[in-house]
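User: Please take a close look at one loop of this model and its backbone. Then connect that to the rest of the chain in one continuous account.

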Amino acid sequence: MKDVEIPDGYAGLDFPWEAPPPEGEAIEVAEGVLWARLPLPMALDHVNIYFLREPGGWTMVDTGFDTRRTRAIVGALEAGPLGGLPIQRVLVTHHHPDHIGLAGLLQARGAELLATRTAWLMARMLVLDEQPLPTSETLDYCRRWGMDPEVLARRAAERPFNFADVVAPLPVGFTRIAEDETLELGGRCWRVARGDGHAPEHAVLFETEGDLVLGGDQLLPGISPNLGLYPTEANGDPVGDWLAACARLAPLARADQLVLPGHKTPYRGLPTRLASLRDNHVTALNRLEDHLATPRTGGECFAPLFKRRVDDGMYGLAFFEAIAHLRHLHLQGRAIRETRADGVWTFRAA
Ligand SMILES: [Zn+2]
Ligand SMILES: [Zn+2]
């Protein structure tokens, strides 16, 4: 549910800012629009947050995790670049913890939360669903899809990553934003488009009279957003959802737009980027199909998908991404699924 940092090139994109804002400081990327960063304790070590100036305060876009350190940094931003004015609204692009962690805390201080319905329901469900150990359904699912038995045994005995560890409790109530709706934020008019695949009903906001795009993790530069197939929706097709979203967003993309992404740095060149966000998976599916000349389990499919070695810290994300691609090939009729004597699924090219 986090983002794997897999470099996939920056070709054809223009990055107006070489360096990100230092901790507790902000860069004005457009009139009344501030870009700041919060740290993440993972390989992908930061998340971008944005502030849009309102008449009596600010709208914040995405929030980072809820930790002592991020709370302190947001406090420093409020006292500094935000000029002591309140955060009146928080818009989260999608339900992932690095984007919604502090939202509940800001709501408790009086801010309004804007999100798509799916994003809010997912986040609220997950923050309440605290698990001391992985559920039996999760373990069965991982076993069937061919997780490395050693990794599975270790995970079975460990407290899994819990939303509640890094996401503040979400109070009841939010304001829904939905596809094709227009709304005003920071004195600008925006149209809501629907991303998908990385997170269901991921909001992408296109300024209607200007060139700004709030891209979240749907439109990251340089790294491929993680597409995972999880036991919560075992029959889903995140890769198919991703490809459909790329096609849906392409007509809204212009080369002059300034994309404000959830990670890395703002960029121009969205039509080029959308094409590579699609092609990366199309070519990965082709490589995976070749790899299935020999029957493989999900855990045996990392090599054709990830250019660098998958270490322990990345295993889970890589696994759920690999099986998402297997699932897509299977749905397309390009891979045949068989069940081994031990109950584990293997896949071979059709
Ligand atoms: Zn995300
Ligand atoms: Zn993210």
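Analyst: D180 sits in the loop that runs between strand 7 (175-176) and strand 8 (182-185); helices (H or I, at least four residues) and strands (E, at least two) are DSSP runs numbered from the N terminus. The model is predicted, so local features need pLDDT of at least 70 and side-chain atom pairs count only at pLDDT 80 or more, while totals for chains, interfaces and linings use all residues. Residues are numbered from 1 along each chain as its sequence is written, chains are lettered from A and ligands numbered from 1 in the order in which they are written, and side-chain values use heavy atoms, with hydrogens and water left out.

The phi of D180 is positive, about 75°, although D180 is not a glycine. Most residues other than glycine have a negative phi. K264 also has a positive phi, of about 65°, and is not a glycine; K264 is in the loop between strand 12 (258-261) and helix 9 (270-291).

According to an unreviewed UniProt entry, residues 46-263 carry the annotation "domain: Metallo-beta-lactamase"; such annotations may be inferred rather than shown by experiment. That stretch is 31% helix and 24% strand, with its end C-alpha atoms 7 Å apart.

Next, the metal site. The zinc ion (ligand 1) has as protein donors H94 (NE2), H96 (ND1), H198 (NE2) and D217 (OD), at 2.1 to 2.3 Å. Donors are N, O and S atoms within 2.8 Å of the metal (3.2 Å for Na, K and Ca), and sites may look incomplete because water is not among the atoms. The angles among the four donor atoms run from 89 to 171°, and the site is irregular. Four donors would count as tetrahedral if all angles lay between 85 and 135 degrees; four count as square planar and six as octahedral if opposite donors are over 155 degrees apart and all others between 65 and 115, and anything else is irregular. D217 bridges this ion and the zinc ion (ligand 2), the two lying 3.4 Å apart. H94 is in the loop between strand 5 (87-91) and helix 2 (97-100), and D217 in the loop between strand 11 (212-216) and helix 8, so the pair ties together parts 123 residues apart in sequence.

Helix 8 (residues 238-249) packs on helix 10 (residues 315-331) at about 80°, axes 7 Å apart; axes are lines fitted to C-alpha atoms, for helices over the stretch in contact, and angles run from 0 to 180 degrees between N-to-C directions. Helix 8 is therefore roughly perpendicular to helix 10, a term for angles of 65 to 115 degrees. P238, V239, G240 and L243 of helix 8 meet A324, H325 and H328 of helix 10, contact meaning heavy atoms within 4.5 Å.

Terms used. Parallel < 35°, antiparallel > 145°, perpendicular 65-115°, else oblique.
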